[in-house]
Amino acid sequence: MLLRRIKARLNTLLMKLSIICAPILRGKAFNRPIAILIETSAVCNLHCRGCPVPHRYFQKSRKSKFIKPKDVQKILSLVEIDGKRHCDTFVVNNFGEPFLNLDFLSILDILSSYFIIFSTNLNVRSEHIDSLIAYHEKYRNISELIVSMDGYDQGSYENFYRIGGSWDKIINNIQKIERTALREVTQLQLLDNGDQEFRERFIAFAKEHRFATRIKPLDASFKKDGTALYTTNKCHFSYQGIYIDSDCNIVSCCADPMMELKNANVYNCQSWSELWNGEAIKKRRLALSKNKNLFDVCRQCQGLNLITSNKWLTAKLQKMREA
Ligand SMILES: C[S@@+](CC[C@H](N)C(=O)[O-])C[C@H]1O[C@@H](n2cnc3c(N)ncnc32)[C@H](O)[C@@H]1O
Ligand code: SF4
């Protein structure tokens, strides 16, 4: 545990060094990615208010709606060479509901020796949850299971965000998880729209069922429809992870539903360095770290500035500015 923490600290230092030296390194990342994200499904059974997945423009942007086990094997062949791993964590969802991929459990099996994180609407057949519980009993490798709840009873659940969702189904699945080891890694998530009473009742519900909560700001720009525009201009998100869509494209960010930031394809990579530091990937990283607003999708996002988001460094820079 201690060793893992030290390694993570060192990795963060290398990441910041890579960012600061970006113009010299031409966008190369010396650190390892914190996680590799794969979009296991690009379709969904719900119609949530702000999500791009149910819309035609999103559906037209993906040829293959589900990633296949052989694609995941291909990714692993680049990540793990001679027993040496370049990353130990996989996030197995992006846009779309992962359980709709009929191969989802087989994919988890392939990744059973890695840490797994994913988000689900939990509006799925209870047999899927039985299989997930059995999977976690066997491997204990799910480190975070995020349940997109957004409600505390039937009315609140159906009216707030999760259009088309069934409260009975989600409660039934939550009660199953509640009785198992999976509960310890599960977080019930609320997309926070600022309604304090809603938030308090949601937290009370989670407490009653002994679950941790995760309160995430409801992002109006999630739909990427041009309604929100941010002027901050640097983003270092692409130094943190590798994002792979259901067509196996490598993208610079997971919040890019239309794949404007598509750089390469997994099937064109022969090595780890091509997957993490391929020419097109480095070029885009450098561009994003100079001015993310060059890209339409990024103008609607706040961006992630890993240098000024450091509290200590921010305070120092502030002092220097004031001096
Ligand atoms: C697009 S969903 C896909 C996974 C799964 N279908 C689900 O809903 O959890 C991925 C994550 O984005 C979150 N999300 C959906 N709409 C959002 C919004 N408008 N603002 C911020 N996060 C949002 C979901 O709650 C979920 O945690
Ligand atoms: S359940 Fe998830 S993927 Fe489906 S529409 Fe809602 S936010 Fe989007």
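**Figure 1. Overall view of the protein.** Two residues are in contact if their C-beta atoms, placed from the backbone, lie within 7 Å. Residues 24 or more positions apart account for 75% of the contacts in the protein with a separation of 6 or more. The model is predicted: local features need pLDDT of at least 70, side-chain atom pairs count only at pLDDT 80 or more, and totals for chains, interfaces and linings use all residues. Residues are numbered from 1 along each chain as its sequence is written, while chains are lettered from A and ligands numbered from 1 in the order in which they are written. The protein has 13 helices and 11 strands. Its radius of gyration is 20 Å, close to the 20 Å that the globule rule gives for 323 residues, so the protein is as compact as a globular protein of that length. This radius is taken over C-alpha atoms, and the globule rule is 2.2 Å times the number of residues to the power 0.38. Helices (H or I, at least four residues) and strands (E, at least two) are DSSP runs, numbered from the N terminus. Along the principal axes, the C-alpha atoms fill a box of roughly 55 × 50 × 45 Å. Buried residues make up 35% of the 323 residues of the protein. A residue is buried if 20 or more other C-beta atoms lie within 10 Å of its own, exposed if 12 or fewer, and partly exposed in between, with C-beta atoms placed from the backbone.

**Figure 2. Close-up of helix 6, residues 126–139.** At 1.5 Å a residue, the 14 residues of helix 6 should span 20 Å, and this agrees with its end C-alpha atoms, which are 20 Å apart. The expected span of a helix is 1.5 Å times one less than its number of residues. Ile129, Leu132 and His136 are the buried residues of helix 6. Seen down the helix axis, they fall within an arc of 60 degrees, so they line one face of helix 6. The arc is that of the directions from the helix axis to the C-beta atoms. Strand 6 (142–148) and helix 8 (167–178) are included in what covers these buried residues. The other side of helix 6 has the exposed residues Glu127, Ala134, Glu137 and Lys138.

**Figure 3. Close-up of Arg140, in the loop between helix 6 and strand 6.** Arg140 is not a glycine, yet its phi is positive, about 50 degrees. Most residues other than glycine have a negative phi. Arg140 has 13 C-beta neighbours inside 10 Å and so counts as partly exposed.

**Figure 4. Close-up of helix 9, residues 196–208.** The 13 residues of helix 9 should span 18 Å at 1.5 Å a residue, in agreement with its end C-alpha atoms, which are 18 Å apart. Phe202, Phe205 and Ala206 are buried in helix 9. Down the axis of helix 9, its buried residues fall within an arc of 95 degrees, so they line one face of the helix. These buried residues pack against strand 7 (186–192) and strand 8 (212–217). The face turned away from the buried side carries exposed residues, namely Gln196, Glu197, Glu200, Ala204, Lys207 and Glu208. Just after helix 9, Arg210 takes a positive phi of about 60 degrees.

**Figure 5. Close-up of the surroundings of ligand 2.** Ligand 2 is surrounded by Cys44, Leu46, His47, Cys48, Cys51, Val53, Pro54, Phe95, Gly96, Glu97, Asn121 and Ser148. A residue is near a molecule or strand if its C-beta atom, placed from the backbone, lies within 6 Å of it. The shell around ligand 2 divides into 7 nonpolar, 4 polar and 1 charged residues. Ala, Val, Leu, Ile, Met, Phe, Trp, Tyr, Cys and Pro count as nonpolar, Asp, Glu, Lys and Arg as charged, and the others, Gly among them, as polar.

**Figure 6. Close-up of Lys65, in the loop between helix 3 (56–60) and helix 4 (69–79).** Lys65 counts as partly exposed because it has 15 C-beta neighbours inside 10 Å. Leaving aside neighbours within four places in sequence, Lys65 is in contact with Ser41, Ala42, Val43 and Ser246. Lys65 and Asp245 are 180 residues apart in sequence, and their C-alpha atoms are 9.3 Å apart in space.

**Figure 7. Close-up of Ile244, in strand 9.** Ile244 has 25 C-beta neighbours inside 10 Å and therefore counts as buried. Apart from neighbours within four places in sequence, its contacts are Leu37, Ile38, Glu39, Ile75, Asn249, Ile250 and Val266. Ile244 and Leu37 are 207 residues apart in sequence and 6.0 Å apart in space, C-alpha to C-alpha.

**Figure 8. Close-up of Cys248, in the loop between strand 9 (241–244) and strand 10 (249–251).** Phi of Cys248, a residue other than glycine, is positive and near 70 degrees. Cys248 counts as buried, with 21 C-beta neighbours inside 10 Å.
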